[in-house]
Amino acid sequence: MNSRFILDFSLFNFLDAEELCEECIPGLRIDHVDISGLPMANPDLETDGGDGFPPAVEAFRDRVSAADCFLFASPEYNYSVTGSLKNALDWASRGTHKCWADKAAAIICAGGDFGGGRASLHLREIGIYLDLHFINKPELHIRAYEDPPKFDDKGNLIDAQAKDRLRKVLLSLQAFALRLQRKEN
């Protein structure tokens, strides 16, 4: 399996996921997609009866469609996901081709006292409409502001326990994506 993932690096740097894949998870590859250049979702920008999109959105939708599964990495903003992530989710849900449908996904979050848990739950709720299939366990919610530090001053994940849990999330995602792909065939 040569899986690709969509990652939102809005606040913290989860590049450790790329290193983990290279080091100990054969067949997985992280394909970071920058969502910062997407215009705000707006039906007035759509053409072809709702199936044509601005070039940046078309390129994004193509990458989402080509992915085998998704790893969403997001901080918690006001009990939810970031505005940029919600915007990206909305763009790929438009038109007759539903880019997210029937694909495996996992969520890793970072935040304050609850470690991004509310953002994770909200993303799961959004995923119901998108027809995303999230893994249930393991979960990774990092309490980013508690001692000992979880991230260095550049936003890199440095906590060994969190890194191990990240590896377990990636392994679970890989197994689930393979199961879903076998059901399709």
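Helices are DSSP runs of H or I with at least four residues, strands are runs of E with at least two, and both are numbered from the N terminus. Counted this way, the protein has five helices and four strands. The model shown is predicted.

**View 1. Overall arrangement of the chain.** Along the sequence, helices and strands follow one another in the pattern α-α-β-α-β-α-β-β-α. The protein has 185 residues, of which 48% count as buried. Contacts between residues at least 6 apart in sequence were also sorted by separation: 79% of them join residues at least 24 apart.

**View 2. Strand β1 and its parallel partner β2.** Strand β1 covers residues 69-75, and seven of its seven residues are buried. Its side chains alternate in direction: Cys69, Leu71, Ala73 and Pro75 point one way, while Phe70, Phe72 and Ser74 point the other way. Both sets are buried, where buried means under 20% relative accessible area. Strand β2, residues 103-111, runs parallel to β1 and is joined to it by seven bridges. One residue pair to look for is Ala73 of β1 with its bridge partner in β2, Ile108.

**View 3. The β-α-β unit formed by β1, α3 and β2.** The two parallel strands of the previous view belong to a right-handed β-α-β unit. Its helix is α3, residues 83-93. The loop between β1 and α3 contains Asn78 and Tyr79. Each has a positive phi in a residue other than glycine: near 50° for Asn78 and near 70° for Tyr79. Both side chains can be found on the outside of the model by their accessibility: Asn78 is exposed, with a relative accessible area of 79%, and Tyr79 counts as exposed at 56%. The cut-off for exposed is over 50%.

**View 4. Helix α2 and its two faces.** Helix α2 spans residues 55-66 and has 12 residues. From its first C-alpha to its last it reaches 17 Å, close to the 16 Å expected at 1.5 Å a residue. Val57, Phe60, Arg61 and Val64 are buried. Seen down the axis of α2, the buried residues fall within an arc of 100°, so they line one face of the helix. That face packs against β1, α3 and β2 through its buried residues. The face turned away from the buried side carries Pro55 and Asp62, which are exposed.

**View 5. The largest nonpolar core.** This core has 27 residues. Those touching the most other members are Phe60, Phe70, Phe72, Leu89, Trp100, Leu123 and Leu132. Two or more residues each come from α2, β1, α3, β2, α4 (117-130) and β3 (132-134). Helix α3 gives the most, with five residues. In this view, Phe60 can be traced back to the buried residues of α2, and Phe70 and Phe72 to the side of β1 that they share with Ser74.

**View 6. Surroundings of Leu132, and a second core.** Residues up to four places away in sequence are not counted here; with that limit, Leu132 touches Phe70, Phe72, Trp100, Lys103, Ala105 and Gly127. A second nonpolar core of 26 residues is separate from the largest one and includes Leu20, Ile25, Cys69 and Ala73. Cys69 and Ala73 point the opposite way from β1 to Phe70 and Phe72.

**View 7. Cis peptide bonds and the loops around β4.** A cis peptide bond joins Lys137 and Pro138, with omega about -5°. Pro138 lies in the loop between β3 and β4. Another cis peptide bond joins Asp147 and Pro148, where omega is also about -5°. Pro148 is in the loop between β4 and α5.

**View 8. Tyr145 and Ala110.** Tyr145 sits in the loop between β4 (140-143) and α5 (160-184). With a relative accessible area of 60%, Tyr145 is exposed. Ala110 belongs to the residue range of β2, 103-111. Tyr145 and Ala110 are 35 residues apart in sequence, yet their C-alpha atoms are 9.1 Å apart in space.

Key. Residues are numbered from 1 along each chain as its sequence is written. This is a predicted model: local features need pLDDT of at least 70, side-chain atom pairs count only at pLDDT 80 or more; totals for chains, interfaces and linings use all residues. Side-chain values use heavy atoms; hydrogens and water are left out. Buried means under 20% relative accessible area, exposed over 50%, partly exposed in between (1.4 Å probe, protein chains only). Two strands pair if DSSP finds at least two bridges between them. A crossover is right-handed if, with the strands pointing away from the viewer, the path from the first strand over the helix to the second runs clockwise. The expected span of a helix is 1.5 Å times one less than its number of residues. The arc is that of the directions from the helix axis to the C-beta atoms. Contact means heavy atoms within 4.5 Å. A nonpolar core is a set of buried Ala, Val, Leu, Ile, Met, Phe, Trp, Tyr and Cys residues joined through side-chain atoms within 4.5 Å.
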